[in-house]
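Trainee: I would like a close look at a single part of this structure, followed outwards from there to whatever surrounds it. Please take it slowly and keep the reasoning visible.

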Amino acid sequence: MRSLESTQFILFLAFLSFQTTSPRNLACPTCLEPLSRHGPQGFNRAAIAKSILRCQTCSKDFPSDGTFIDLTLGANRSTWQETLPIGVRLFRTKWISLIYEENWRKSFEKFGFPGPDREVELAETFLQTAVDPSRPDEENLLVDISCGTGLHSRRFAKSATFTAVVAADFSEAMLIQCHALLNEKQSPWNEKVVLVRADASRLPFASGSISAVYSGAALHCWESPSIAIAEICRVLRPGGVLVATTFLPRWKSKLQTTQKFMRLIFGTKIFFFEDELDELFETSGLVSYQKIKIDSYIMVCARKKQVPASNYGVK
Ligand SMILES: C[S@@+](CC[C@H](N)C(=O)[O-])C[C@H]1O[C@@H](n2cnc3c(N)ncnc32)[C@H](O)[C@@H]1O
């Protein structure tokens, strides 16, 4: 009799700790409506890993596999595969994810990338201006789009600027390695990192719900940077900030033809000429465009326009 009572008590406690909530940020990749979440309380890695996200409109569930939640249009599909450019497929291979952080990424320093610690420090000077302490915690999160193995997500989580970091990437292999490194490099801050599989061209976040977006060394890896920037503009709340880094060519004139040829093969940009990057941002709908350049490394920052309240009631 006693053990029956204690079992009932444990079940009651489990019921209390599992809740259905509407976090208002994660959204269905199909209809872009906010998802409801059934799982433990809190927006952190453990809670999201044990949660099921549900789209009430499309009647679809997005469960976590314990590593990440798949919020791409390919979620729940086993046979269907999009035809992707080589440049995107490359990062989905396991071997690239395994050598990425210690080998591949370190080679960027030869091109002027100042290294992850400094890159995060530089980005934070812009990103922290998007934080509003008067907002609820789940609204002051940072989305690290194309996080790769999470080298920047882990560092952002360590700083006190954001309550949580969504580490998002299209590559399952990168997310698995990101998860492994979060476990290996144990630190209390790593719990702040929530892993989501997401396509930069179809971001699974509700419109106007995100304060800050960072994307390290990825603009040139996206199949359509202009669609991705439009998506980022959609998900940022007014006043929200985007910081992104990418490569500029070193020898402009010689590279015009090489670049065209490489773009043809990889199906992605590989690097940007500065004028095309400027145009991409200056026509994106984002404002206050700023740049930091070190050799071939460029960090760009832009903000979503604040719409004055008086503009809503157009006469
Ligand atoms: C060069 S890595 C950058 C990783 C990390 N942010 C860094 O700074 O090292 C580029 C990343 O972009 C991701 N990627 C490519 N296409 C994507 C897409 N459509 N949506 C989201 N991520 C994408 C790749 O999977 C890869 O992890």
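Mentor: What follows starts from one helix, α5, and works outwards to its surroundings.

The model is a predicted one, and its chain has ten helices and twelve strands. Of the 315 residues in the chain, 50% are buried, and among the contacts that join residues at least 6 apart in sequence, 66% link residues at least 24 apart.

Helix α5 takes in residues 116-127, and its twelve residues should span 16 Å at 1.5 Å a residue, which agrees with the 16 Å that separates its end C-alpha atoms. The buried residues in this helix are Pro-116, Glu-119, Val-120, Leu-122, Ala-123, Glu-124, Phe-126 and Leu-127. Several elements contribute to their cover, including the strands β6 (141-145), β9, β10 (236-247), β11 and β12, together with the helix α6 (151-158).

To place those strands, one has to look at the sheet to which they belong. Eight strands make up an open sheet with mixed pairing, and their order across it is β5-β8-β7-β6-β9-β10-β12-β11. The edges are held by β5 (69-70) and β11, each of which has a single partner strand, so one side of each is left without a neighbour in the sheet. At the β11 edge, β11 runs antiparallel to β12, and seven bridges join the two; within this pairing, Ile-294 has Tyr-297 of β12 as its bridge partner. Helix α5 packs on this sheet, where it touches β6, β9, β10, β11 and β12, and its direction makes an angle of about 20° with that of β12. A second helix, α6, lies across β6, β7, β8 (193-197) and β9, and runs at about 175° to β7.

One of the buried residues of α5, Glu-124, leads on to the loop between α6 and β7 (164-169), where Ser-159 is found. The side chains of Ser-159 and Glu-124 make a polar contact at 2.6 Å. If residues up to four places away in sequence are left out, Ser-159 touches Glu-124 and Lys-192. Is Ser-159 buried or exposed? Its relative accessibility is 17%, and with the limit for burial set at under 20%, Ser-159 counts as buried.

Helix α6 also has a part in the packing of α4 (residues 94-104), whose buried residues are Ile-96, Ser-97, Tyr-100 and Glu-101. These four cover an arc of only 115° around the axis, which means that they sit on the same side of α4. The spacing fits a general rule: an α-helix has 3.6 residues a turn, so residues three or four places apart point the same way. The buried residues of α4 pack against α6, α3 (86-90) and α7 (172-184), whereas the face turned away from the buried side carries Lys-94 and Trp-95, both exposed.

Two loops attached to strands that α5 touches deserve a closer reading of their backbone. Most residues other than glycine have a negative phi. Asp-295, in the loop between β11 (286-294) and β12 (297-304), has instead a positive phi of about 60° although it is not a glycine. Ala-217 likewise takes a positive phi, near 50°, and belongs to the loop that runs between β9 (210-215) and α8 (225-235). Their surroundings can be compared through accessibility: Ala-217, with a relative accessible area of 7%, is buried, while Asp-295, at 48%, counts as partly exposed.

A further positive phi belongs to Ser-59, near 50°, in the hairpin of β3 and β4, which has four residues between its strands. Four bridges join β3 to β4 (residues 60-63) in an antiparallel pairing, with Arg-54 opposite Asp-61 of β4. Strand β3 is also joined by three bridges to β2 (residues 36-40), again antiparallel, and His-38 has Ile-52 of β3 as its bridge partner. Along β3 (residues 52-55) the side chains alternate: Leu-53 and Cys-55 point to one face and are buried, while Ile-52 and Arg-54 point to the other and are not.

Methods. Residues are numbered from 1 along each chain as its sequence is written. This is a predicted model: local features need pLDDT of at least 70, side-chain atom pairs count only at pLDDT 80 or more; totals for chains, interfaces and linings use all residues. Side-chain values use heavy atoms; hydrogens and water are left out. Buried means under 20% relative accessible area, exposed over 50%, partly exposed in between (1.4 Å probe, protein chains only). The expected span of a helix is 1.5 Å times one less than its number of residues. Contact means heavy atoms within 4.5 Å. The arc is that of the directions from the helix axis to the C-beta atoms. A polar contact is a pair of N or O atoms within 3.5 Å; within protein, one must be able to donate a hydrogen and the other to accept it, and residues adjacent in sequence count only if both atoms are side-chain atoms. Two strands pair if DSSP finds at least two bridges between them. Axes are lines fitted to C-alpha atoms, for helices over the stretch in contact, and angles run from 0 to 180 degrees between N-to-C directions.
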